[in-house]
Amino acid sequence: MAKIVFESVTKTFPTKDKKRKEEFTALDGIDLEIGAGEFVVVVGPSGCGKSTLLDLLGGLTRPTSGRILLDGEPVTGPGLDRGIVFQQYALLPWRTALGNVEFGLEATGVPRRQRAARAREFLDLVGLTGFEDRHPHELSGGMRQRVAIARSLAYDPDVLLMDEPFAALDAQTRESLQDELRRIWQRTGKTVVFITHGIEEAVYLGQKVAVITSRPGRVKEVVPVSFGGRAAGATGEDLRSSPEFARYRHEIWTLLHDEVARAQRLEKEEAAA
Amino acid sequence: MTTPTRQPHPTTPPPPSTAPDPSVANAPAPAPAPGPAPANAQAPAPVPSPLPVAAPGPAPDPVPASAAGPAPVSGTDDPLPRPESAPAPVRAPRRVAVVGRWLRAGLLRSAAILLLLAVWETAPRAGLVDATFLPPVSEVARAWWDLLGDGQLGEHTRASLTRSFGGFAIAVVIAVPLGLLIGWYRPVAAFLGPLLELFRNTAALALLPVFVLLLGIGETSKVSIVVYACVWPILLNTISAVGNADPTLVRLARSMDLSTPRLFQKVILPSAVPVIFTGIRLAGAVSILVLVAAEMIGAKAGLGYLINASQFNFAIPQMYAGIVTISAIGVAFNQVLVTIERRLSLWRVPAA
Ligand SMILES: Nc1ncnc2c1ncn2[C@@H]1O[C@H](COP(=O)(O)OP(=O)(O)OP(=O)(O)O)[C@@H](O)[C@H]1O
Ligand SMILES: [Mg+2]
């Protein structure tokens, strides 16, 4: 049975525009199945509704129509079975790295005495041993994002929802965190829904890449990604420079390119109207 | 949310008609009194402007700035040397350098005050101003010492501090919880906004006659006016602090299914503390400011009374002694609050 199922999920927002009294359709009839333990990447042009999709899955907003099933049960609100890594780190600035990871554990009711040990363990997992007592403003962007990841992992949700977590990082940091994330995923077997607008990132990370169209957001295609090279243990540059990688990259690029062109045309028409 | 506005500026009541020849009376008064007094009076005014508007970000900067002059210097120079003196081998020479820097900073900081004292001492002696209305600082110091000796100063100070700290404490106890409540329920905040704005902009001292009318001339009306004046900066800062809590953090907490009380306890409150405390610090300055003015009208004790009565009895050095005492109290109280505030806002200050 699929872990997560989107059944013709539609989300509209009321528009501020009083004259036209229409609604803005952010997502339109999304159908998507995600298996347990799968690593699914969602790519789409900016503004196509990726964050909206994640909010729905996280239970922070409700679909206008359709439904989302998690383990066969409809999602009705937030829960600790899903951990969100936000686009903007979302660290509590008054807490240390350790305190931030403990924050998630407090919510789950892990006994006080075990929290610190557990938090340390997960900071270690993301390679932040020695930085436990730093406040967020004393950490680099990459470190902050790793604290956020550690926090989401520490309370052990089944599903990890990540909204462009590496978008603000430089290429080197991003690539090393990508490897780290894949390692963690392989080790923990969690279901990961990863949002990005980077094609390379999508191909590099995902087992499946869902391409979303814009205005309204629909699933254009789900591209299964499987490398011979990865099976052989290739990572990093070896994988990125392989011909298979290039082929997938091109395939998704083409799907997206049409989308971006269409979105821009739509925007122009709208501006002209 | 709320547009920042002036704090009540207590217009020091014009000296009673006993003051001989207004043209002379005007000349000396501004010289020493504005030195310390308006420094206090102005402190609250510029601060609230950046705060309620942009709470988390730019606040740390304006905060020390408000302490007008001395505070920021002590803030940046003081804490720095200690962490730097950590490495052992270079300790000795470095400590010398640190002490040197410290002395230099201390000198720089006190230079303006020393200069003021020097001018205050020499100007009357040289006949630049009438020594009757501006006695040299040494005479004021002697008067201060005598007042201290015969217990008058202690008594008046105690009376003033009891009133202003009492009123201040009551205001904190009322305004913080109230502000948290109002700030949390946004419709309530929107509903009350204009009303709060109106009250905040009504100079507290303008209402003094109303307080006296309703509560009589005794302690109640004096403490009440302090409470009233102190409530606004705290209340408005608290409301805006709650309203400006980082929405991403609120989303984070909601995504973890935190209950509302928990969300409040773990996210809203800690993030609001620095801004709330800025309001508290402003209230601290206001409490002394308003009280002194209130004591000038119908009081039998207190520093405001001492100043007013001394002037009335033409005991000019005693009058200045009272003024100096008030500025010293104001500076000390502010310093204490600034220190606490900085401690509470450490996480906001970028590791520069
Ligand atoms: N609360 C809201 N009210 C009104 N419109 C909204 C709201 N949230 C999102 N939208 C609109 O829905 C669309 C999708 O937004 P969303 O944030 O999901 O995009 P995104 O794909 O995450 O974009 P990006 O890649 O830039 O983060 C946008 O056009 C946005 O304007
Ligand atoms: Mg987004």
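**Exercise 1. Determine which side chains meet A:Glu164 and A:Lys50 in a salt bridge, and place both residues in the chain.**

Solution. Step 1: in this predicted model, the side chains of A:Glu164 and A:Lys50 pair with each other in a salt bridge, with a distance of 4.0 Å from N to O. Step 2: the pair joins distant parts of the chain, 114 residues apart. A:Glu164 belongs to the loop between strand 7 (159-163) and helix 5 (171-188) of chain A, while A:Lys50 belongs to helix 1 of chain A. Step 3: as a general principle, side chains of opposite charge can pair when their charged atoms come close.

**Exercise 2. Decide whether A:Glu164 and A:Lys50 are buried or exposed.**

Solution. Step 1: the cut-off for a buried residue is a relative accessible area under 20%. Step 2: A:Glu164 has 8% relative accessibility and therefore counts as buried. Step 3: A:Lys50 has a relative accessible area of 5%, so this residue is buried too.

**Exercise 3. Describe the surroundings of ligand 1.**

Solution. Step 1: the residues around ligand 1 include A:Phe13, A:Ser46, A:Lys50, A:Thr52 and A:Glu164. Step 2: assign elements to this shell. Strand 2 (23-34) and helix 1 (50-58) of chain A each contribute at least two residues, and helix 1 gives the most, with three residues. Step 3: examine the polar side-chain atoms. Such an atom of A:Ser46 is 2.6 Å from an oxygen atom of ligand 1, one of A:Lys50 is 2.7 Å from an oxygen atom of the ligand, and one of A:Thr52 is 2.5 Å from an oxygen atom of the ligand. Step 4: consider the covered area. Ligand 1 exposes 640 Å² when taken alone, and the protein buries 61% of that area.

**Exercise 4. Identify the salt-bridge partner of A:Asp55 and classify the accessibility of both residues.**

Solution. Step 1: A:Asp55 forms a salt bridge with B:Arg251, and their closest N and O atoms are 3.1 Å apart. Step 2: this pair crosses between chains, running from helix 1 of chain A to helix 13 (residues 247-255) of chain B. Step 3: A:Asp55 counts as buried because its relative accessibility is 15%. B:Arg251 has a relative accessible area of 28% and is therefore partly exposed.

**Exercise 5. Locate the salt bridge between B:Glu219 and B:Arg163.**

Solution. Step 1: the two side chains meet at 2.8 Å, N to O. Step 2: B:Glu219 is in helix 12 (residues 219-243) and B:Arg163 is in helix 9 (residues 152-184) of chain B, 56 residues apart. Step 3: B:Glu219 is partly exposed because its relative accessible area is 44%, whereas B:Arg163, at 5% relative accessibility, counts as buried.

**Exercise 6. Establish where B:Ser271 lies and which residues it contacts.**

Solution. Step 1: B:Ser271 is part of helix 14 (residues 260-295) of chain B. Step 2: its relative accessible area is 17%, so B:Ser271 is buried. Step 3: a polar atom of the B:Ser271 side chain is 3.0 Å from the backbone oxygen of B:Ile268. Step 4: when neighbours within four places in sequence are left aside, B:Ser271 is in contact with A:Trp94, B:Ala245 and B:Trp347.

**Exercise 7. Name the residues of the nonpolar surface patch of about 430 Å² and classify B:Leu213.**

Solution. Step 1: the patch is made by B:Val210, B:Leu213, B:Leu214 and B:Leu215. Step 2: B:Leu213 is found in helix 11 (residues 208-215) of chain B. Step 3: with 74% relative accessibility, B:Leu213 therefore counts as exposed.

Note on methods. Residues are numbered from 1 along each chain as its sequence is written. Chains are lettered from A and ligands numbered from 1 in the order in which they are written. This is a predicted model: local features need pLDDT of at least 70, side-chain atom pairs count only at pLDDT 80 or more; totals for chains, interfaces and linings use all residues. Side-chain values use heavy atoms; hydrogens and water are left out. Patches are made of residues with over 30% relative accessible area and no salt bridge: like charges are joined within 9 Å, nonpolar side chains (Val, Leu, Ile, Met, Phe, Trp, Tyr) within 5 Å. Accessible areas come from the Shrake-Rupley method with a 1.4 Å probe; for residues, only the protein chains shown count as cover. Helices (H or I, at least four residues) and strands (E, at least two) are DSSP runs, numbered from the N terminus. Buried means under 20% relative accessible area, exposed over 50%, partly exposed in between (1.4 Å probe, protein chains only). A polar contact is a pair of N or O atoms within 3.5 Å; within protein, one must be able to donate a hydrogen and the other to accept it, and residues adjacent in sequence count only if both atoms are side-chain atoms. Contact means heavy atoms within 4.5 Å. A residue is near a molecule or strand if one of its heavy atoms lies within 4 Å of it.
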